[in-house]
Amino acid sequence: MRVLTAAQMREADRVTIEELGIPSLVLMENAGRQVVAAIEALFPNLALRRVAVLAGRGNNGGDGFVIARTLLERVIEVPVFVIGSLSEVRGDARHNMEILGRLGASVVEISDEQAWELHFSEISQCDLVVDAIFGTGLRRALDGMYPTIVGDLNGSGLPVVAVDLPSGLLADTHDVPGEAVRATVTVSLAAPKICHILPPARRVCGDLVIADIGIPEVIIERLDGPYTEVITRDVMRTVLEPRDPDAHKGEFGRVLIVAGSMGKSGAAHLAAMAALRSGAGLVTVATPRSVQPILAAMAPEYMTIGLPEDASGQVTAAAVDRVLEVATDVIALGPGLGTGDEVRAFVQGVVARAGVPIVLDADGLNAFAGEHAARLTGRDGHDIIITPHPGEMGRLMGLSTEQVQKDRVAAARTFAEQHQLHVVLKGHRTLIAAPEGTVAINMTGNPGMATGGTGDVLTGVIAGWFGQLLDAEGAARLGVYLHGHAGDLAMADLGEVALTASDLLTYLGDAVLELSADRTAASSDGDE
């Protein structure tokens with residue numbers, strides 16, 4: 001599902017109207033009626049409710065007028081208020097406002113705070129409010145009388161249905177620039193916008209409904225400009241294929257986990273088991289020699305290799321050749337390696353010389369922080385996936401964590417394009433950015449996963465799928481989706497507080513089963 005910018009939404013409207021010949025009034029009519037359909041589905045006994053419609057002067061207000069008319073057709077009491085001067089309502093919005101007048105409906109003008117104070121008591125007596133004041137055309141924080149209006153609405157306790165986006169949000173940012181309506185439900189027209197998907201703006205949108213207003217999907221997909229999308233279950237299901245009954249372990253990828261140091265053997269174990277739980281055919285862990293017997297005793301399913309180490313139990317640069325000797329399809333590098341000059345030289349050496357794809361995480365990323373970031377670049381035949389949290393992303397880019405969080409999409413996209421690699425920017429709504437600039441937003445996962453070791457599991461999951469799919473972008477997307485889904489399944493049984501990284505390992509199989517169940521059943525039916 002593509003996520004559009006305000007400019008892309010305007011272009012989608014233009015192409016639909018000018019090139020396809022669908023009148024703008026038809027699109028506005030569709031939008032209003034779709035919002036009413038959502039209201040009817042979400043609010044029972046609507047005929048017994050009183051619905052206030054607050055309309056702006058532009059197209060968002062025009063949608064509001066269609067909503068009001070449609071509700072009036074259902075014999076629902078609908079007081080209508082224009083926030084602004086009636087004389088400034090133009091175009092299609094004015095056309096629909098005048099239809100309301102010809103139907104005998106009164107439209108009340110609220111052009112200043114005094115008028116708002118006069119009429120707010122009437123609005124507060126309603127059962128539901130439709131926010132059709134501002135849409136994607138808003139480009140700055142609210143000022144004038146609007147912060148007062150928003151504050152009063154938010155303080156009223158009334159349920160609010162926002163048309164396209166809550167007034168006060170900006171379509172192209174997940175930041176909240178000032179006062180914004182806290183909606184109960186937001187009905188996004190044609191496609192979601194970034195403010196609907198990522199926090200903190202996401203938190204004021206309430207439940208999200210995507211309304212089809214008649215813009216063909218092919219137009220949305222062909223729009224120029226940045227390509228951002230939401231990862232959906234249906235798309236992820238197409239990535240999984242049932243295993244051939246004659247398959248053997250060599251067909252499901254050889255994964256080399258280079259991880260661990262004295263005191264951090266758990267990171268290597270979690271990553272290795274995650275790769276195995278993700279279906280990898282063979283998994284080997286390369287770790288400092290003193291850690292090798294510890295890891296070998298933790299699980300019998302993976303093999304181990306001891307690497308040269310220093311007195312502190314951390315790997316040294318002398319280990320590069322030993323790692324590159326291992327026959328593997330993908331290397332996962334970084335969890336629990338530690339920091340220091342020797343570790344940095346080791347990591348940089350493996351990345352520079354490896355002839356196979358690499359998944360780079362944790363201390364592997366720290367080896368490229370600051371002035372070393374220029375060395376971290378993908379190349380033809382050598383895909384790199386990095387999995388930073390916002391702090392690690394900031395160290396790679398020379399930014400603070402706050403700067404990264406301010407525009408996560410831009411940070412992930414910029415680094416992926418400049419360094420020609422795949423970025424998995426972890427956090428609530430993890431992002432997957434590709435070298436071409438596409439960004440996918442993952443919707444699975446929960447706060448219970450904010451605990452030590454879950455990032456190591458993600459590294460192993462992505463590496464495990466990378467070894468099977470041999471497709472960096474597909475492995476990153478599927479790995480992130482299943483990792484979050486396993487967390488959601490674990491949370492449903494254990495709750496958020498008790499959830500640990502090891503629980504994700506337990507539920508990874510269930511996550512795959514749930515995602516692939518229908519496809520497997522269909523395949524079995526076909527065989528019969």
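Analyst: Happy to walk through this one with you! A residue counts as buried under 20% relative accessible area, as exposed over 50%, and as partly exposed in between. Please keep in mind that this is a predicted model.

User: Thanks! Is Glu-73 buried, partly exposed or exposed?

Analyst: Glu-73 has a relative accessible area of 45%. The limits are under 20% for buried and over 50% for exposed. The value falls in between, so Glu-73 is partly exposed.

User: Which residue forms a salt bridge with Glu-73?

Analyst: The closest N and O atoms of this pair are 3.3 Å apart, and a salt bridge requires a distance within 4 Å. The partner of Glu-73 is Arg-33.

User: How many residues apart are Arg-33 and Glu-73?

Analyst: Arg-33 sits in helix H2, residues 24-42, while Glu-73 belongs to helix H3, residues 59-73. The pair therefore links distant parts of the chain, and Arg-33 is itself partly exposed because its relative accessible area is 32%. The separation of Arg-33 and Glu-73 is 40 residues.

User: And Glu-77, which residue is its salt-bridge partner?

Analyst: Glu-77 lies in the loop between H3 and strand E3, and its partner in the loop between H2 and strand E2, 27 residues away. In this bridge the closest N and O atoms are 2.7 Å apart. The partner of Glu-77 is Arg-50.

User: Is Arg-50 buried or exposed?

Analyst: Glu-77 counts as partly exposed, at 47% relative accessibility. Arg-50 has 18%, and the limit for buried is under 20%. Arg-50 therefore counts as buried.

User: Which residues are linked with Arg-14 in a network of salt bridges?

Analyst: One bridge joins Arg-14 to Glu-19, with the closest N and O atoms 3.3 Å apart. Glu-19 counts as exposed because its relative accessibility is 54%, whereas Arg-14 counts as partly exposed at 28%. The residues linked with Arg-14 in the network are Glu-11, Glu-18 and Glu-19.

User: How many salt bridges does the structure hold?

Analyst: The pairs above include Arg-33 with Glu-73 and Glu-77 with Arg-50. For the structure, the number of salt bridges is 22.

User: Which residues form a nonpolar patch on the surface with Met-262?

Analyst: Met-262 lies in the loop between strand E10 (254-258) and helix H10 (265-277). Its relative accessible area is 42%, so Met-262 is partly exposed. The patch has about 250 Å² of accessible area together, and the other members are Ile-294 and Met-298.

User: Which residues does Thr-454 touch, leaving out those up to four places away in sequence?

Analyst: Thr-454 is found in helix H18, which covers residues 454-469. With 9% relative accessibility, under the 20% limit, Thr-454 counts as buried. The residues touched by Thr-454 are Met-449, His-483, Ala-501 and Leu-504.

User: Finally, what share of the chain's residues counts as buried?

Analyst: The chain has 20 helices and 18 strands, and its C-alpha trace spans about 85 × 60 × 45 Å along the principal axes. Among contacts with a separation of 6 or more, residues 24 or more positions apart account for 70%. Of the 528 residues, the buried share is 55%.

Methods: Residues numbered from 1 in each chain as written. Predicted model: local features only at pLDDT ≥ 70, side-chain atom pairs only at ≥ 80, totals over all residues. Heavy atoms only, no water. Helix = DSSP H or I, 4+ residues; strand = E, 2+ residues; numbered from the N terminus. Buried < 20%, exposed > 50% of the residue type's maximum accessible area, 1.4 Å probe, protein only. Contact = heavy atoms within 4.5 Å. Patch = residues over 30% accessible without salt bridge, like charges linked within 9 Å, V, L, I, M, F, W, Y side chains within 5 Å. Areas by Shrake-Rupley, 256 points an atom, 1.4 Å probe, with all protein chains shown as cover. Salt bridge = Lys/Arg side-chain N within 4 Å of Asp/Glu carboxyl O.
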